[in-house]
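Here is a guided walk through one protein model, written for someone who is new to reading structures. Keep the 3D view open and find each residue as we come to it.

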Amino acid sequence: MQNFDYQTPTRLIFGKGVVEKLPEIMGNYGKKILLTYGGGSIKKIGLYDKVKELLADFEITELSGIQPNPKYDPSVLDGVKLCKENDIDVILAVGGGSVLDCSKAIAAGAKYDGDVWDLISYKVKARSALPIVDIITLAATGSEYDCGGVISRTETNDKIGYMDSHLYPAVSFLDPTYTFTVSKKQTAAGCADAMNHIMEQYFCEDSSILNDGFMEAGLKSLMVNAVKCLENPEDYTARAEMMLTCTYGCNGIYALGNSYTGWPCHGMEHALSAYYDITHGEGLAIITPRWMKHILSEKTVDRFVKYGVNVFGIDGTLDKFEIAEKAINATYQFFESINIPMHLKDVGIDESRIDEMAHHVAVNEGLENAWVPLTEKDIADIFRASL
Ligand code: NZQ
Ligand code: ZN
């Protein structure tokens, strides 16, 4: 087990109706709130009206229209401007991971006098950030429990995972009933995203019985509950377990003491959604089985055996490479069974920019340091195998 230094300061308030505590919580941070949200789903589900009613005594400035794969310009820049002009005390992000990620970048930018891209691109380290409270409405990213935000800059095809310990939400409200309306497409993509978060931590050199068990349970929870949510979108128990399993995804708790992995599938997917603005979880589902096939070797096979036997119940007495291949096929088939498009061409990506994207990933994502190092050629090969 490797050394670690771990802290997640976020307070989680979970369950049906917990949003009633919002005025009490927001009161801890000040009167002036920047309310951030996306394209209108929170209005359709009645959450916008509920928030406005609960916070009638506060001064609210709004930033709406934050898109999936949130953009630096306009959303982050607009939000920073609003915070500075209105002397905002606290940000309330209401929506999916994109709204929350954008709000994290705004929170850092609001306390910085220079070019906000300096922070996101790690040129300058943030000294502080506005506090963030969120009501998460989509189970997927785990942004509600981590200090990261993923921001896209269209003109340079950059999609950067920006992490800073100042960006943990102070408080996250998790009410599974607000996820009842998440579409089948986004429910499946959220499941694939969260499964990949676990796999990015599971496939490594040095793990433990404890962490493997936690992660294998997480993967099983996601697969079982995603199917239930797709069959019955208002299955509270399934939505609740799905939500909590996703929440643990990216803050490190699944793999405390495990060795570094490099998160290769995320590194590659960021290019797909930066260049083509596709849904993150779908890009991951397409890449993951191809990446697995690409890295299967004598060095990695035992991890695939453990994964295949413990997650998919594959017969452990078979030849180890046969188990590994069955496990990779089972991964593909699960994603296919929940109707995720499983080829890049199904999401509008053809051969034309593969080499350019592979170069971008090789230069920017550091995958030469991944558990199984990936060169520019490896990355291009994985993209081509995904076509
Ligand atoms: O924009 P609105 O109208 O709100 O609609 C959204 C959006 O169209 C809709 N939606 C959200 N909640 C809903 C709902 N529709 C109906 N009912 C609800 N309750 O769903 C669509 C997708 O929303 P989005 O926020 O983009 O999805 P998700 O939560 O999957 O976030 C994806 C983004 O998070 C980043 C991804 O790269 C991507 O940009 N990630 C962030 C991470 C983090 N901070 O730790 C880790 C992940 O790896 C991920 O990379
Ligand atoms: Zn992800």
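## A first stop in a loop

Asp319 sits in the loop that joins helix H12 (301-312) to helix H13 (320-337). Before we go on, please remember that this is a predicted model. With a relative accessible area of 47%, Asp319 is partly exposed, because that value falls between the 20% limit for buried and the 50% limit for exposed.

Now look for Val305 as a partner for comparison. Asp319 and Val305 are 14 residues apart in sequence, and their C-alpha atoms are 9.3 Å apart in space.

## The surroundings of ligand 1

How many residues surround ligand 1? There are 30, and the closest are Ser41, Gly97, Ser98, Asp146 and His197. Sorted by character, this shell holds nine nonpolar, 17 polar and four charged residues. Both domain 1 (11-179) and domain 2 (184-385) take part, each with at least three residues in the shell.

Some side chains come within a few ångströms of the ligand's own polar atoms. In Ser41, a side-chain N or O atom is 2.7 Å from an oxygen atom of ligand 1. The side chain of His197 also has an N or O atom 2.7 Å from an oxygen atom of ligand 1. For Thr137, a polar side-chain atom lies 2.8 Å from a nitrogen atom of the ligand. On its own, ligand 1 has 960 Å² of accessible area, and the protein covers 87% of it. Helix H5 (97-109), strand E6 (148-153) and helix H7 (184-202) are the elements that give two or more residues to the shell.

## The zinc site

Which residues coordinate the zinc ion, ligand 2? They are Asp193, through an OD atom, and His197, His266 and His280, each through NE2, at 2.0 to 2.2 Å. Along the sequence, these donors follow the spacing D-x3-H-x68-H-x13-H. Two of them show how distant parts of the chain are linked: Asp193 belongs to helix H7 and His266 to helix H10 (residues 264-276), 73 residues apart.

His197 is worth a second look. This residue is in helix H7, is one of the closest to ligand 1, and is also a zinc donor. In addition, the His197 side chain makes a polar contact of 3.1 Å with the side chain of His266.

Are these donors buried or exposed? Asp193 has a relative accessible area of 4% and is buried. His197, at 3%, is buried as well, and so is His266, at 8%. These residues count as buried because their values are under 20%.

## Unusual backbone spots

Here is a rule of thumb to carry with you. Most residues other than glycine have a negative phi, and most peptide bonds are trans. With that in mind, have a look at the backbone in a few places.

The peptide bond from Asp73 to Pro74 is cis, with omega near 15°. Pro74 is part of helix H4. Tyr122 has a positive phi, near 65°, although this residue is not a glycine. You will find Tyr122 in the loop between helix H6 (117-120) and strand E5 (132-136), where it is partly exposed at 46% relative accessible area. Asp277 also has a positive phi, near 55°. Asp277 is in the loop between H10 and helix H11 (280-295) and is partly exposed, at 42% relative accessibility.

## Measuring across the model

Finally, try two distances across the structure. Cys83 is in helix H4 (residues 72-86) and counts as buried, at 4% relative accessibility. From Cys83 to Tyr236 there are 153 residues in sequence, and 36 Å in space from C-alpha to C-alpha.

For the second distance, start from Gly46, in the loop between helix H2 (41-44) and helix H3 (47-54). Gly46 is partly exposed, with a relative accessible area of 31%. Gly46 and Asn211 are 165 residues apart in sequence, with their C-alpha atoms 39 Å apart.

Definitions and conventions
Residues are numbered from 1 along each chain as its sequence is written. Chains are lettered from A and ligands numbered from 1 in the order in which they are written. This is a predicted model: local features need pLDDT of at least 70, side-chain atom pairs count only at pLDDT 80 or more; totals for chains, interfaces and linings use all residues. Side-chain values use heavy atoms; hydrogens and water are left out. A residue is near a molecule or strand if one of its heavy atoms lies within 4 Å of it. A polar contact is a pair of N or O atoms within 3.5 Å; within protein, one must be able to donate a hydrogen and the other to accept it, and residues adjacent in sequence count only if both atoms are side-chain atoms. Accessible areas come from the Shrake-Rupley method with a 1.4 Å probe; for residues, only the protein chains shown count as cover. Helices (H or I, at least four residues) and strands (E, at least two) are DSSP runs, numbered from the N terminus. Ala, Val, Leu, Ile, Met, Phe, Trp, Tyr, Cys and Pro count as nonpolar, Asp, Glu, Lys and Arg as charged, and the others, Gly among them, as polar. Domain bounds come from an automatic or database domain assignment. Donors are N, O and S atoms within 2.8 Å of the metal (3.2 Å for Na, K and Ca); water is not among the atoms, so sites may look incomplete. Buried means under 20% relative accessible area, exposed over 50%, partly exposed in between (1.4 Å probe, protein chains only).
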